[in-house]
Amino acid sequence: MGMSVTISAAGVQDAEQIMKLQYLCYQSEAELYGDYAIEPLTQTLDDLSGELSTGYALVARLGDEIIASVRGRVDSSGTGHIGKLIVHPRMQGHGLGGRLLDAMEAHCAARLAAKRFQLFTGHRSESNLRLYRRHGYATVATEPVSARLSVITLEKDAAARNFVASA
C-alpha cells in the first residue's frame, strides 16, 4: 500500500469528509434495525461542524482520506462519553476502531481528567459489542427504545483503560 494510517485531532475543516464517512458507515446500522431516520444519518453538516468546534474528535487518515473517526467529551462528573466510532467498511477488521478508541480514552483521561468511560450501541450490533468488551467495557444498562431496538450502555473505569482482553 505504501501509506500508513495516521491518527490526529479533527477540526471543523474535516466536517464534510466525516459527514460523508458517517453516512456511509451508518447505513449498515440503519439496515440492521430497519430505521433510516437514526441521528447519524439525519445530522446536518452545520450540526456536525458545531459538534467539532465545541467537542473533541479524532480521525484516522490514509493519505488525505479520512477513513475512521470518533468523538468524545467529558462531563462534570468525570465521565468520558465516547461516540460515533466509525471505520470505513473497506478498512474494518484492521484494528483501526480499537486504535481510535484507545486514543480517545488516552486524551480524555490525560487532558480532561476522565474517571470513567461510557459508550452505547444497539443490541444487534455484535461487532461493536465485541470491540467494546475486548477493550474492557461492561454492560451497565439496557434500555428498550422500540420493538426493534434496545440501547446497551457500556462503561469502564479510566484506571482500566490500558486493559485489553484477549480475543
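Across the chain the pLDDT averages 93, and 95% of the residues score at least 70. Keep in mind that this is a predicted model. Confidence peaks in helix H1 (residues 15-25), at 98, and is lowest in helix H4 (residues 45-54), at a mean of 93. Then there's the stretch 163-167, where the pLDDT is below 50; beyond near neighbours in sequence, that stretch has eight contacts in the model.

**The cores**

- The largest nonpolar core has 26 residues, and Ile82, Tyr132 and Tyr137 have the most contacts inside it.
- Plenty of elements chip in: strands E2 (56-62), E3 (65-74), E4, E5 (116-122) and E7 (150-157), plus helices H5 and H6 (126-134), each supply at least two residues of this core.
- H5 gives the largest share of this core, with five residues.
- Apart from that core lies another one, of 16 residues, including Met19, Cys25, Ile66 and Ile86.

**Tyr132, one of the hubs**

- Tyr132 lies in helix H6, and with a relative accessibility of 7% it counts as buried, because the cut-off for buried is under 20%.
- What does Tyr132 touch, not counting residues up to four places away in sequence? The list is Leu85, Leu101, Leu119, Thr121, Tyr137 and Leu154.
- Take Leu85 from that list: Tyr132 and Leu85 sit 47 residues apart in sequence, with 11 Å between their C-alpha atoms.

**Helix H5**

- H5 has 17 residues, which at 1.5 Å a residue should span 24 Å; the C-alpha atoms at its ends are 23 Å apart, so the two figures agree.
- Which residues of H5 are buried? They are Leu96, Gly97, Gly98, Leu100, Leu101, Met104, Glu105, His107 and Cys108.
- Leu101 turns up again among the contacts of Tyr132.
- Just after H5, Ala113 takes a positive phi of about 60°.

**His88, in the loop leading to H5**

- His88 is found in the loop between strand E4 (79-87) and helix H5 (96-112).
- Is His88 buried or exposed? It counts as buried, because its relative accessibility is 16% and the cut-off is under 20%.
- Leaving aside neighbours within four places in sequence, His88 is in contact with Leu21, Leu24, Cys25, Glu65 and Ile67.
- One of those partners, Cys25, is also a member of the 16-residue core.

**H1 against H4**

- Two packed helices are described by the angle between their axes and the distance between the axes.
- For H1 and H4, the axes come within 10 Å and cross at roughly 115°.
- The crossing of H1 past H4 is right-handed.
- On the H1 side, Ala15, Glu16, Ile18 and Met19 make the contact; on the H4 side, the residues are Leu45, Leu48, Ser49 and Leu52.
- Met19 is listed in the 16-residue core too.

**Ser49 and Gln13**

- Ser49 has its place in helix H4, and its relative accessibility of 18% is why it counts as buried.
- Beyond neighbours within four places in sequence, Ser49 is in contact with Val12 and Ala15.
- Gln13 sits in the loop between strand E1 (5-9) and H1.
- Is Gln13 buried or exposed? Gln13 is exposed, because its relative accessible area is 65% and the cut-off for exposed is over 50%.
- Gln13 and Ala138 are 125 residues apart along the chain, and their C-alpha atoms are separated by 35 Å.

Terms used:
Residues numbered from 1 in each chain as written. Predicted model: local features only at pLDDT ≥ 70, side-chain atom pairs only at ≥ 80, totals over all residues. Heavy atoms only, no water. Helix = DSSP H or I, 4+ residues; strand = E, 2+ residues; numbered from the N terminus. Buried < 20%, exposed > 50% of the residue type's maximum accessible area, 1.4 Å probe, protein only. Contact = heavy atoms within 4.5 Å. Expected span 1.5 Å × (residues − 1). Core = buried A, V, L, I, M, F, W, Y, C linked by side-chain atoms within 4.5 Å. pLDDT = per-residue confidence, 0-100. Axes fitted to C-alpha atoms, helices over the stretch in contact; angles between N-to-C directions. Left-handed = near helix turned anticlockwise from the far one by under 90°.
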